[in-house]
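Student: I've got a sequence and a model open on my screen. Could you walk me through what's worth a look?

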Amino acid sequence: MNRWHGGYPHIGSPRCEFGCFLCCIARLTDVETLNSTIFVLNQLGYTVHVPPMQTCCGALHQHSGDVKISAQLARQNIKAFDGLDLRAIVSTASGCGVQLTEYPLTLMPWSAEEDRSEQPLQGKLTGNFSAKVMDISAFLAVAEGWDDVKLTPLPYKVLVHEPCSLRNVLHGAAHSYVLLARIPGAEVTSLAGNDHLCDSAGKYFLARPDM
């Protein structure tokens, strides 16, 4: 499923409410991860909101120097989640998560006359939005509700890839190991070369396929 409802209610005892950031690429190529995120949060007792007006995080535009479009996308995402009583906004893609946490910097340079009406937004709303952004593994590693679910054993070795954005910017690589350690029988170990970059670099691998 790559079409989402605006909200997914908790199962069992209610805890609190979360927002789910879909990411523009993940909603096409990583649908299973997004749906699993909603499913797991619901099972643990959390209600999940998926605002339909959310859009691209703007990272690729900003990295390409199109700071105006990047800021427009940031404003749209902030407005999309505004008004919801959320404990956190979870992201399944660490690159997008980094961009979301840096929205105060994304909007800071704006000084054009037509954008001055947005100044209040880039203050309180922007700070509140970015402060709530969490990588999904970071939250699930410490989430309540695990005692109420039973995980199926997985008697396999699990190799963990640590994205550079998760490892070096969000400093959250350890959370994946904590989370996977909950699975009975799973042998969790680090993928060799995790201290190196995957060389994707956003869309660089599309622009420089020979390299």
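Tutor: Let's start with α5 (94-101), which is mostly covered, with 6 of its 8 residues buried. Buried means under 20% relative accessible area, exposed over 50%, and partly exposed in between, using a 1.4 Å probe and protein chains only. Helices (H or I, at least four residues) and strands (E, at least two) are DSSP runs, numbered from the N terminus.

Student: Before we go on, what kind of model is this?

Tutor: Residues are numbered from 1 along each chain as its sequence is written, and side-chain values use heavy atoms, with hydrogens and water left out. Local features need pLDDT of at least 70, side-chain atom pairs count only at pLDDT 80 or more, and totals for chains, interfaces and linings use all residues, since this is a predicted model.

Student: Okay, which residues in α5 are buried?

Tutor: Go through the helix with that under-20% cut-off in mind. The buried ones in α5 are Ser94, Cys96, Gly97, Val98, Gln99 and Leu100.

Student: Which element gives the largest share of the largest nonpolar core?

Tutor: A nonpolar core is a set of buried Ala, Val, Leu, Ile, Met, Phe, Trp, Tyr and Cys residues joined through side-chain atoms within 4.5 Å. The largest one here has 39 residues, and Trp4, Phe21, Leu41, Val50, Phe129 and Leu140 have the most contacts inside it. Several elements supply at least two residues each, including β2, α2 and α5. The largest share, 5 residues, comes from α4.

Student: Where does Ile38 sit, and is it buried or exposed?

Tutor: Ile38 is in helix α2, residues 31-43. Contact means heavy atoms within 4.5 Å, and, not counting residues up to four places away in sequence, Ile38 touches Trp4, Tyr8, Val48 and Val50. Its relative accessibility is 5%, so Ile38 counts as buried.

Student: How far apart in space are Ile38 and Gly7, C-alpha to C-alpha?

Tutor: Along the sequence, Ile38 and Gly7 are 31 residues apart. In space, the C-alpha to C-alpha figure for that pair is 9.6 Å.

Student: What about His49: buried or exposed?

Tutor: His49 is found in strand β3, residues 47-49. Leaving aside neighbours within four places in sequence, its contacts include Gly6, Phe18, Cys20 and Leu86. With a relative accessible area of 17%, His49 is buried.

Student: Which residues are joined into one network by salt bridges that share partners?

Tutor: A salt bridge is a side-chain nitrogen of Lys or Arg within 4 Å of a carboxyl oxygen of Asp or Glu, and by this rule there are 2. Glu144 pairs with Arg15, the closest N and O atoms being 3.5 Å apart; Glu144 lies in the loop between α8 and β6 and Arg15 in the loop between β1 and β2, so the pair ties together parts 129 residues apart in sequence. Asp148 also meets Arg15, at 3.1 Å, N to O. The network is made up of Arg15, Glu144 and Asp148.

Student: Is Asp148 buried or exposed?

Tutor: Its partner Arg15, at 31% relative accessibility, counts as partly exposed. Asp148 has a relative accessible area of 61%, so Asp148 is exposed.

Student: Last one: what is phi of Cys23 near?

Tutor: Most residues other than glycine have a negative phi. Cys23 lies in the loop between β2 and α1, and counts as buried at 1% relative accessibility. Its phi is positive, near 70 degrees.
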